[in-house]
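User: I have a chain open here and I'm new to reading these. Can you walk me through it?

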Amino acid sequence: MNNLCLNTGRALAGLLVCLLLAACDKPAQTTYNDVPAAFHPSDECHVCGMIITGFPGPKGQVVEPSGIKKFCSTAEMLGWWLQPENHHGDAKLFVHDMGRSPWNTPDDSHLIDAKSAFYVIGTQLKGAMGVVLASFSSQQAAEKLAADQGGRVLRFSDIDLTLLQQQSAMSPMTH
């Protein structure tokens, strides 16, 4: 019996030492790459499930510690983001700069911060679903598109769910 107690005591002491050593270990650093990723032919829109690259116009993505959510249009991304349950402090939003990218095949090397972009709404340009929000890094490029194609220039802070819903009701579906 004495031998059993001694062995059990040693086992418990060993376990306690292991637990203490594990507790003293430095906490794991949780970092993530907060830059946008390229869109791939198999990527599906986080909202509608459509294949993203099958549509013209700017796309969007939300990059956060839990991963990247990709969207078939800037309007889909912003509509998702504007819902309060989707706001996450570490998230970064990106859209294509259409001032440096062809409309039918946006260039992923020209993804810009969505919160600092200029948007043109109300054009007849084709995009994915509903509202087309053409995104630009330059106010001058946005104003030129609005002058050439109709529409008006907005900033990120000007866009809300009501605006997107009103525009969606007036926009033809393109797929």
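Analyst: Let's start with a term: a nonpolar core is a set of buried Ala, Val, Leu, Ile, Met, Phe, Trp, Tyr and Cys residues joined through side-chain atoms within 4.5 Å. Keep in mind that this is a predicted model.

User: Ok. In the largest nonpolar core, which residues touch the most other members?

Analyst: Met77, Leu78, Leu93, Tyr119, Leu133 and Ile159 do, out of 31 residues in that core. Two or more residues each come from β1 (60-64), α2 (74-81), β3 (92-96), β4 (111-113), β5 (118-121) and α4 (161-170).

User: Which element gives the most?

Analyst: Helix α2, which gives 5 residues to this core.

User: What does Leu78 touch?

Analyst: Leaving out residues up to four places away in sequence, Leu78 touches Leu93, Tyr119, Leu133, Phe156, Ile159 and Leu164. There is also a second, separate core of 10 residues, with Met98, Val120, Ala134 and Ala142 among them.

User: Why would nonpolar side chains group like that?

Analyst: In soluble globular proteins, nonpolar side chains tend to be buried together.

User: Back to α2. How many of its residues are buried?

Analyst: 8 of its 8 residues are buried, so by the under 20% relative accessible area cut-off the helix is mostly covered. They are Thr74, Ala75, Glu76, Met77, Leu78, Gly79, Trp80 and Trp81.

User: Thr74 isn't on your list of core residue types. Is it buried or exposed?

Analyst: Thr74 is buried, because its relative accessible area is 1%. Thr74 lies in helix α2 and touches Pro58, Lys59, Gly60, Val95, Leu133 and Ser135, again not counting residues up to four places away in sequence.

User: New topic. How many helices and strands are in the chain?

Analyst: The chain has 4 helices and 7 strands. Along the sequence they follow the pattern α-β-β-α-β-β-β-β-α-β-α.

User: In what order do the strands of the open sheet come?

Analyst: The order is β2-β1-β3-β4, with 4 strands in an open sheet and antiparallel pairing. At the edges are β2 (67-71) and β4, each of which pairs on one side only. From one strand to the next, the twist averages 25 degrees.

User: So β1 sits between β2 and β3 in that order. Over how many bridges does β1 pair with β2?

Analyst: β1 and β2 pair over 5 bridges, in the antiparallel sense. Two positions show how they line up: Gly60 stands opposite Phe71 in β2, and the bridge partner of Gln61 in β2 is Lys70. A hairpin through 2 residues joins β1 to β2.

User: And β1 with β3? Over how many bridges do they pair?

Analyst: 4 bridges, also in the antiparallel sense. Here Val63 stands opposite Lys92 in β3.

User: Which residues are on each face of β1?

Analyst: Gly60, Val62 and Glu64 are on one side, with Gln61 and Val63 on the other. Both faces are covered, and 5 of the 5 residues of β1 are buried.

User: Why do the residues switch sides like that?

Analyst: In a regular strand the side chains alternate between the two faces of the sheet.

User: Different thing. I noticed a couple of cysteines. How many disulfides are there?

Analyst: The count comes to 0 disulfides.

User: Why don't Cys45 and Cys48 make one?

Analyst: The sulfur of Cys45 is 3.7 Å from the closest cysteine sulfur, in Cys48, which is too far for a bond, because a disulfide needs the pair of sulfur atoms within 2.5 Å. Looked at from the other end, the closest cysteine sulfur to that of Cys48 is in Cys45.

User: What about their exposure: buried or partly exposed?

Analyst: Cys45 counts as buried, at 4% relative accessibility. Cys48 is partly exposed, with a relative accessible area of 25%.

User: Last one. What share of the whole chain counts as buried?

Analyst: Of its 175 residues, 38% count as buried. The accessible surface of the chain comes to about 10,100 Å², and 56% of that belongs to carbon and sulfur atoms.

User: And among contacts between residues at least 6 apart in sequence, what share joins residues at least 24 apart?

Analyst: That share is 60% for this chain.

How values were computed. Residues numbered from 1 in each chain as written. Predicted model: local features only at pLDDT ≥ 70, side-chain atom pairs only at ≥ 80, totals over all residues. Heavy atoms only, no water. Buried < 20%, exposed > 50% of the residue type's maximum accessible area, 1.4 Å probe, protein only. Contact = heavy atoms within 4.5 Å. Pairing = 2+ DSSP bridges. Axes fitted to C-alpha atoms, helices over the stretch in contact; angles between N-to-C directions. Areas by Shrake-Rupley, 256 points an atom, 1.4 Å probe, with all protein chains shown as cover.
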